[in-house]
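Please work through the exercises below with the sequence and coordinates at hand. Each task is followed by a solution in steps.

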Amino acid sequence: MTGIDDLPIRDELRGKSPYGAPQLDVPVRLNTNENPHPLPEALVARIAERVTEAARHLNRYPDRDAVELRTELARYLTRTAGYGVAAENVWAANGSNEVLQQLLQAFGGPGRTALGFEPSYSMHALIARGTGTGWLSGPREADFRIDVAAARAVIAERRPHVVFVCSPNNPTGTAVGADTVLALYEAAQAARPSLVVVDEAYGEFSHRPSLLPLLDGRPNLVVSRTMSKAFGAAGLRLGYLAAAPAVVDAVQLVRLPYHLSAVTQATALAALEHTGTLLGYVEQLKAERDRLVTELRAMGCEVTDSDANFVQFGRFDGPGGAHAVWQALLERGVLVRDNGVPGRLRVTAGTPAENDAFLDAVRAVLKESN
Ligand code: PMP
């Protein structure tokens with residue numbers, strides 16, 4: 001049988017596997033940072049109404065520039081993130097992964113490099129690879145914070161074209177301070193005019209305010225967001241960015257025409273009408289996230305401070321390392337994530353019952369290993 005490597009595929013894709021966490025059918029799934037709350041029934045009904053209306057026009061292409069949606073996303077950011085933006089500052093695509101891909105298509109590419117501080121969201125490196133952008137891995141401190149002095153040195157030496165700052169960072173959970181982002185932005189601009197992308201996929205869950213106000217006077221800064229987490233709409237596939245209007249013009253050079261379907265736009269607009277209820281769920285999840293941190297610490301785990309809807313915990317340095325604990329939890333019906341960070345696992349905050357089941361499973365596994 002013909003395999004991938006028998007095809008005339010790009011050399012850098014040979015021997016690689018596609019990104020993806022296991023989608024296993026187990027009772028408690030806390031491995032992909034989804035929101036455990038299904039959308040409220042009133043919103044489901046509103047989506048049906050909006051999609052019905054959109055369906056009447058599906059013979060036509062959708063609004064290519066998604067102006068109504070970008071206007072509403074801008075209103076949402078202005079209301080919640082402490083800085084005023086308008087439709088011309090906002091761009092939307094099928095998940096923030098697509099937003100990031102469009103950014104690298106426009107600002108990265110062959111002969112260019114992107115820098116991220118690892119461990120971080122592994123798709124940053126994979127999207128770099130997919131767009132032919134060279135990848136540079138920057139350092140973190142032992143407690144996973146970005147080491148600003150070391151970061152400055154890497155930027156000065158390697159002069160990346162794009163710098164990713166994930167805040168709150170996946171998989172470690174901690175938000176990055178505005179002072180750190182400013183230091184990185186300044187270092188990046190001094191090295192060459194380069195794009196700094198702040199990935200705020202988990203921004204709504206943070207103890208700290210959004211980094212959106214840093215856009216003021218910084219034309220090479222971008223903040224990316226998603227409706228997959230706080231809006232509980234991972235299945236919708238809607239991500240967006242805020243930046244100077246010129247950045248929005250730049251991504252339009254690489255986006256496919258009509259990339260955002262009329263059904264997607266209608267559904268996202270319906271969800272934006274219900275932000276009050278959805279942000280109420282976020283508050284509940286933040287409390288559950290804080291409870292996970294407290295209870296895991298009480299069990300003696302080493303837990304990284306979390307500003308996200310997930311928690312990194314460990315350390316599992318025994319035989320088999322973190323993966324053995326991942327397996328033992330799975331055997332108890334609880335699926336968490338092994339991101340490959342030595343000695344650590346990541347758990348997504350679920351419903352109170354799911355979190356109880358997870359905490360019971362950890363307790364049992366720890367007891368067995370003692
Ligand atoms: N950024 C980060 C940091 C993420 O963790 C994720 C999802 N896991 C994404 C972006 C992409 O999310 P989506 O494409 O669903 O918007």
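The exercises concern a predicted model and treat its domains, a helix pair, the ligand shell and some backbone features.

**Exercise 1. Describe how the protein divides into domain 1 and domain 2, and characterise the contact between them.**

Step 1. Take the bounds: the domain assignment gives residues 4-40 together with 276-369 to domain 1, and residues 56-273 to domain 2.

Step 2. Locate the centres. Those of domain 1 and domain 2, taken over C-alpha atoms, are 24 Å apart.

Step 3. Count the residues in the contact, where C-beta atoms placed from the backbone must lie within 7 Å. Domain 1 supplies 27 residues and domain 2 supplies 25 residues.

Step 4. Assign the side of domain 1 that touches domain 2 to elements. Helix H9 (275-298) and strand E10 (310-314) are the elements giving two or more residues; H9 has the largest share, with 7 residues.

Step 5. Classify the residues on this side of domain 1: 11 are nonpolar, 8 polar and 8 charged.

**Exercise 2. Determine the packing geometry of helices H1 and H8, and list the residues that meet.**

Step 1. Recall that two packed helices are described by the angle between their axes and the distance between the axes.

Step 2. Apply this to the pair. H1 (residues 41-55) and H8 (residues 262-272) pack at about 145°, and their axes are 8 Å apart. The crossing is right-handed.

Step 3. List the contact residues. H1 contributes Leu 43, Arg 46, Ile 47, Arg 50, Val 51, Glu 53 and Ala 54, while H8 contributes Ala 262, Val 263, Ala 266, Thr 267, Leu 269, Ala 270 and Ala 271.

Step 4. Sort the residues of this contact by class: 10 are nonpolar, 1 is polar and 3 are charged.

**Exercise 3. Which residues come nearest to the ligand, and how does the shell divide by class?**

Step 1. The ligand has 13 residues around it, of which Gly 95, Ser 96, Ala 201, Thr 226 and Ser 228 come nearest.

Step 2. By class, the shell holds 4 nonpolar, 8 polar and 1 charged residues.

**Exercise 4. Locate the cis peptide bonds at Pro 119 and Arg 315, and place the positive phi of Asn 33.**

Step 1. Glu 118 and Pro 119 are joined by a cis peptide bond with omega of about 10°. Pro 119 belongs to the loop between strand E3 (113-117) and helix H4 (122-130).

Step 2. The bond from Gly 314 to Arg 315 is also cis, with omega near -20°. Arg 315 lies in the loop between E10 and helix H10 (321-331).

Step 3. Asn 33 is not a glycine, yet its phi is positive, about 55°. The residue is in the loop between strand E1 (28-29) and H1.

**Exercise 5. State the extent of the feature recorded by UniProt and its secondary structure content.**

Step 1. An unreviewed UniProt entry places "domain: Aminotransferase class I/classII large" at residues 28-361.

Step 2. Over residues 28-361 the chain is 41% helix and 15% strand. The end C-alpha atoms of this stretch are 11 Å apart.

Definitions and conventions
Residues numbered from 1 in each chain as written. Predicted model: local features only at pLDDT ≥ 70, side-chain atom pairs only at ≥ 80, totals over all residues. Axes fitted to C-alpha atoms, helices over the stretch in contact; angles between N-to-C directions. Helix = DSSP H or I, 4+ residues; strand = E, 2+ residues; numbered from the N terminus. Left-handed = near helix turned anticlockwise from the far one by under 90°. Contact = placed C-beta atoms within 7 Å. Nonpolar A, V, L, I, M, F, W, Y, C, P; charged D, E, K, R; others polar. Near = placed C-beta within 6 Å. Domains from an automatic or database assignment. UniProt positions renumbered as here; feature names shortened; annotations may be inferred.
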